[in-house]
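Let's take a walk through this structure, one stop at a time. Keep the 3D view open and turn it as you read.

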Amino acid sequence: MRARCDLRLGLPVVLQGPGQGSTAPGVLVLAVEGLSEARHRAALQTGGAELVLTGARATALGLEAGGAATVRLSARGLSHAQVLQLADPLREAGMAAPRALAMKEGGAVQAAGIALVKAAQLLPALFCVPMADAKTVALDQGLTVLTVEEVQAETALLSPHLPVSAAALPMAVSAAGRVHVFRPEDGGQEHYAIEVGTVRRDAPVLVRLHSACFTGDVLGSLKCDCGPQLQAAMAAMAEAGGGVLLYLNQEGRGIGLANKMRAYALQERGLDTVEANHHLGFEDDERDFRIGAALLSRLGIGKVRLMTNNPAKVAMLDAHGLHVVERVPLVVGRTAQNAGYLATKARKSGHLLP
């Protein structure tokens with residue numbers, strides 16, 4: 001968790017390569033989003049600085065990524081402004097054609113660094129400086145040091161989500177309500193389980209896994225169907241006598257609100273929602289639905305009637321020990337402004353929409 005906070009503050013962290021533990025050579029890693037001109041100049045003085053992008057971002061730039069998860073570009077000769085332009089599609093205007101850049105596939109260190117900046121909800125781009133004495137530098141400057149194995153373990157395993165607090169909450173749809181707050185052991189985002197009505201655990205429970213959408217849920221955005229889905233799901237649970245809404249803090253399909261607004265800006269230029277994510281360097285969907293299965297298990301729920309149009313959610317719950325006895329469609333909130341968005345979800349993300 002400290003490494004994510006450091007990267008958000010513009011501070012470097014040190015990653016050590018796989019297989020050699022604390023004796024492995026280190027790489028000084030900075031998030032491009034927080035890269036200052038001073039740190040950029042200092043990094044270039046080493047002669048070995050590299051810009052690391054995801055394969056999706058490289059492909060969007062016209063580079064032949066060849067399916068690589070990460071690519072490395074020599075930073076020699078790249079100005080601070082050019083580095084920012086290569087990392088951020090909203091800064092591309094006037095940028096020289098990138099095809100002349102020498103590129104090679106990233107390795108385990110680069111992949112681990114990208115995982116960290118994604119977890120920090122920053123643009124997935126790194127400025128890396130290989131240093132034989134990186135650990136010494138880290139100790140002198142009080143920097144965070146992680147091995148690739150530690151990053152891989154943290155991102156591969158789901159941190160246990162522990163109950164923090166719970167209380168009754170009467171709501172407009174049902175006077176009988178209860179909110180549970182869960183916090184992961186790694187200090188990450190808290191998630192919420194809302195019981196609507198009276199939940200009977202001896203029968204399949206009506207359940208909705210709802211990813212937080214500030215623009216839709218709070219502001220009433222017409223660009224998506226999230227707000228109407230939230231309200232319709234809660235109303236259906238109240239009508240059925242009981243249900244559980246899992247409110248998962250995975251804004252913008254897991255990329256965070258700031259990146260979601262960047263994606264919206266790209267959509268104003270003609271990209272669809274999936275293309276916008278790729279141009280930013282993200283996958284189609286960065287959410288972790290294992291959290292939903294974990295919270296349901298914590299609540300003692302084993303059988304569910306899942307309100308979703310996304311078959312991936314059904315498959316994920318089934319794969320993690322939950323029995324989805326029925327998929328309940330939730331087709332609401334279609335507007336003139338989100339028709340293209342919904343069509344993209346159906347065509348590219350497999351959502352079952354009429």
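One thing to know before we start: this is a predicted model. Our way in is Arg-253, which is buried because its relative accessible area is 13%, under the 20% that sets the limit for buried. Arg-253 belongs to helix H10, residues 251–254. What is phi of Arg-253 near? It is near 60°, a positive value in a residue other than glycine. As a rule, most residues other than glycine have a negative phi.

There's another residue of this kind to look at, Gln-121, where phi is also positive and near 60°. Go to the loop between H5 and strand E6 (125–131) and you'll find Gln-121 there. Is Gln-121 buried or partly exposed? At a relative accessible area of 24%, Gln-121 is partly exposed.

Now step back along the chain to the helix that Gln-121 follows, H5. Helix H5 covers residues 108–119, twelve residues in all. From its first C-alpha to its last, H5 reaches 16 Å, close to the 16 Å expected at 1.5 Å a residue. As for what is tucked away, the buried residues of H5 are Val-109, Gln-110, Ala-112, Gly-113, Ile-114, Leu-116, Val-117 and Lys-118.

On the other side of that loop comes strand E6, and Met-131 is found in it. Met-131 has a relative accessible area of 18%, so it counts as buried. Which residues does Met-131 touch, once its neighbours within four places in sequence are left aside? They are Pro-25, Gly-26, Leu-28 and Val-137. You can also look across to Thr-46: it is 85 residues from Met-131 along the chain, yet their C-alpha atoms are separated by 8.4 Å.

Strand E6 turns up again when you look at helix H4, residues 80–87. The buried residues of H4 pack against helix H2 (37–44), strand E3 (50–54), helix H3 (55–60) and E6. H4 is mostly covered, with six of its eight residues buried. Those buried residues are His-80, Val-83, Leu-84, Gln-85, Leu-86 and Ala-87.

Carry on into the loop between H4 and strand E5 (103–105), and you'll come to Pro-89. Pro-89 has a relative accessibility of 3%, so it counts as buried. What is Pro-89 in contact with, leaving aside its neighbours within four places in sequence? The list is Arg-57, Leu-266, Arg-269, His-279 and Leu-280. Pro-89 and Ala-276 are 187 residues apart along the chain, and their C-alpha atoms are separated by 9.2 Å.

Some of those names lead straight to our next stop, a pair of helices. Leu-266 is one of the H11 residues that meet H12, along with Asn-259, Arg-262, Ala-263 and Gln-267. On the H12 side, the residues are Thr-273, Ala-276, Asn-277, His-279 and Leu-280. How do the two helices lie relative to each other? The axes of H11 (residues 257–267) and H12 (residues 273–280) come within 9 Å and cross at roughly 120°. H11 passes H12 in a right-handed crossing.

Next, a couple of rings. Lys-223 lies over the face of Tyr-264, at 4.6 Å from the ring centre. Then there are the ring-to-ring pairs, where the count comes to one aromatic pair. That pair is Tyr-192 with Tyr-247, and it is stacked, at 6.4 Å centre to centre and 15° between the planes. Tyr-192 lies in strand E10 (residues 191–197) and Tyr-247 in strand E12 (residues 242–248), so the pair ties together parts that are 55 residues apart in sequence. Tyr-192 is partly exposed, with a relative accessible area of 26%, whereas Tyr-247 is buried at 15%.

Our last stop is Met-316, in helix H14 (residues 311–319). Because its relative accessible area is 10%, Met-316 is buried. Setting aside its neighbours within four places in sequence, Met-316 is in contact with Leu-209, Phe-289, Arg-290 and Ala-293. Take Arg-290 from that list: it is 26 residues from Met-316 in sequence, and 6.9 Å from it in space, C-alpha to C-alpha.

Note on methods: Residues are numbered from 1 along each chain as its sequence is written. This is a predicted model: local features need pLDDT of at least 70, side-chain atom pairs count only at pLDDT 80 or more; totals for chains, interfaces and linings use all residues. Side-chain values use heavy atoms; hydrogens and water are left out. Helices (H or I, at least four residues) and strands (E, at least two) are DSSP runs, numbered from the N terminus. The expected span of a helix is 1.5 Å times one less than its number of residues. Buried means under 20% relative accessible area, exposed over 50%, partly exposed in between (1.4 Å probe, protein chains only). Rings of Phe, Tyr and Trp (its six-membered ring) pair if their centres lie within 6.5 Å; planes under 30 degrees apart count as stacked, over 60 as edge-to-face and the rest as tilted. A charge sits over a ring if NZ of Lys or CZ of Arg is within 6 Å of the ring centre and within 35 degrees of the ring normal. Axes are lines fitted to C-alpha atoms, for helices over the stretch in contact, and angles run from 0 to 180 degrees between N-to-C directions. A crossing is left-handed if the near helix is turned anticlockwise from the far one by less than a right angle, and right-handed if clockwise. Contact means heavy atoms within 4.5 Å.
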